[in-house]
Amino acid sequence: MTALAPGATIGILGGGQLGRMLAMAAARLGFDVHIYTDETDSPAARVAARATIAAYNDAAALCAFARAVSVVTAEFENVPAATAAALAEAGVDVRPDARALAIAQDRFEEKTFLNALGIASPPFAAIDSEADLAAAITRIGAPAILKTRRLGYDGRGQVRIAAAADAPGAYTRIGAPAILEGFCAFEREISIIAARGGDGAIAYFEVCENEHSGGILTRTRIPARVAPSVEAQARGAAQAVLEHFDYVGVLTIEFFLMPDGALLANEMAPRVHNSGHWTIEAALTSQFEQHIRAIVGWPLGPTEHVCDAEMINLIGEEAGDWARLAADPSARLHLYGKRDARTGRKMGHVTRLRLGDRDA
Ligand code: AMP
């Protein structure tokens, strides 16, 4: 893969905060970013050199976008497969490979794929009817979680089933196609963020520990309280996925760490991830810079974490506290420029560095 020189334009599908932080990292390395989004006034477009606002199935707009950029990446995994295919057909490289995007869009395909690579997950079953659900509850047991197969995020599109009697109500809410997953009484949640460069080199960030509330990530801590064997297992899983796809870019896998030490994969994201925001201040290379380095064919950067840290998401109205946070010297404040602080919406985050902890 030939390295792109600074001055080239990187295309990003999606206009959210991940695209915004990718664009800022790209700018630091001398690249221009062209955002493609169907959203007007998006957080990413406002920090990018150019933006196309068009539907993801607008063939003419996609073709023009492909001609205007040297490489394309995505900041969210629900980019329609046809969009990535149209771009590839127009002759532009999409990194990572669109196959990884396609698998991550469907929770059933995703878990089937991970299991086939030897990566364990919670028990699961595809649900296409109420009868499937009844049979799956008999096999998997309750409590369990019924989730939409596609387009669920931040806890949306999922319902907990405490006992078999809850199944019909849950089915009415979620519908089909769905996936039933056994409920995991995990000890903690962790994620690994890793990158593979165009030369095949892989770099791993240290595993981090995540807390969710109502399905939304609220807090990430680094380092995670895990044994070295758990870290090694998470790295092994990331390596297997990266190598399977001949992947170029950053990949995230979220896991449940069970009380018996088992590590069960919950989800993979073929992109930078909310649980990696701490890398901006607390790692030698941020996940955003790492992704840009990978997709432009540059060597990956060093991933060591330079100090312990905690990242807290600012959700909905919490971002209204910006003046206090801006005045707090221990808080590195990031605001995404979203106009409307809807409930459950990620508006920004704060990273608190534990300076000095490492020597303590
Ligand atoms: P998801 O959107 O599937 O990543 O789910 C969001 C969050 O809901 C996870 O990070 C967990 O905190 C919780 N969750 C999802 N699936 C399960 C499960 N099978 N068992 C226990 N908790 C889960």
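**Figure 1. Polar contacts of the ligand in the predicted model****.** An oxygen atom of the ligand lies 2.6 Å from an N or O atom in the side chain of Glu189. The side chain of Lys147 likewise places an N or O atom 2.6 Å from an oxygen atom of the ligand. At Gly182 the partner is a polar backbone atom, 3.0 Å from a nitrogen atom of the ligand. Taken alone, the ligand exposes 470 Å², of which the protein buries 92%.

**Figure 2. The shell of residues around the ligand****.** Two or more residues of this shell come from each of strand 6 (144-148), strand 8 (178-182) and strand 14 (263-269). The ligand is surrounded by 16 residues, the closest being Arg107, Lys147, Cys184, Glu189 and Asn266. By character, the shell comprises five nonpolar, six polar and five charged residues.

**Figure 3. The buried and exposed faces of helix 3 (residues 81-89)****.** Thr83, Ala84 and Leu87 are the buried residues shown in this helix. They lie on the same side of helix 3 because they cover an arc of only 95° around its axis. In general, an α-helix has 3.6 residues a turn, so residues three or four places apart point the same way. Ala82 and Glu89 are exposed and sit on the face turned away from the buried side.

**Figure 4. Surroundings of helix 3****.** The buried residues of helix 3 pack against two strands and two helices: strand 1 (9-13), strand 4 (71-74), helix 2 (59-68) and helix 4 (98-104). Just after helix 3, Gly91 adopts a positive phi of about 95°.

Technical notes. Residues are numbered from 1 along each chain as its sequence is written. This is a predicted model: local features need pLDDT of at least 70, side-chain atom pairs count only at pLDDT 80 or more; totals for chains, interfaces and linings use all residues. Side-chain values use heavy atoms; hydrogens and water are left out. Buried means under 20% relative accessible area, exposed over 50%, partly exposed in between (1.4 Å probe, protein chains only). Helices (H or I, at least four residues) and strands (E, at least two) are DSSP runs, numbered from the N terminus. The arc is that of the directions from the helix axis to the C-beta atoms. Contact means heavy atoms within 4.5 Å. A residue is near a molecule or strand if one of its heavy atoms lies within 4 Å of it. A polar contact is a pair of N or O atoms within 3.5 Å; within protein, one must be able to donate a hydrogen and the other to accept it, and residues adjacent in sequence count only if both atoms are side-chain atoms. Accessible areas come from the Shrake-Rupley method with a 1.4 Å probe; for residues, only the protein chains shown count as cover. Ala, Val, Leu, Ile, Met, Phe, Trp, Tyr, Cys and Pro count as nonpolar, Asp, Glu, Lys and Arg as charged, and the others, Gly among them, as polar.
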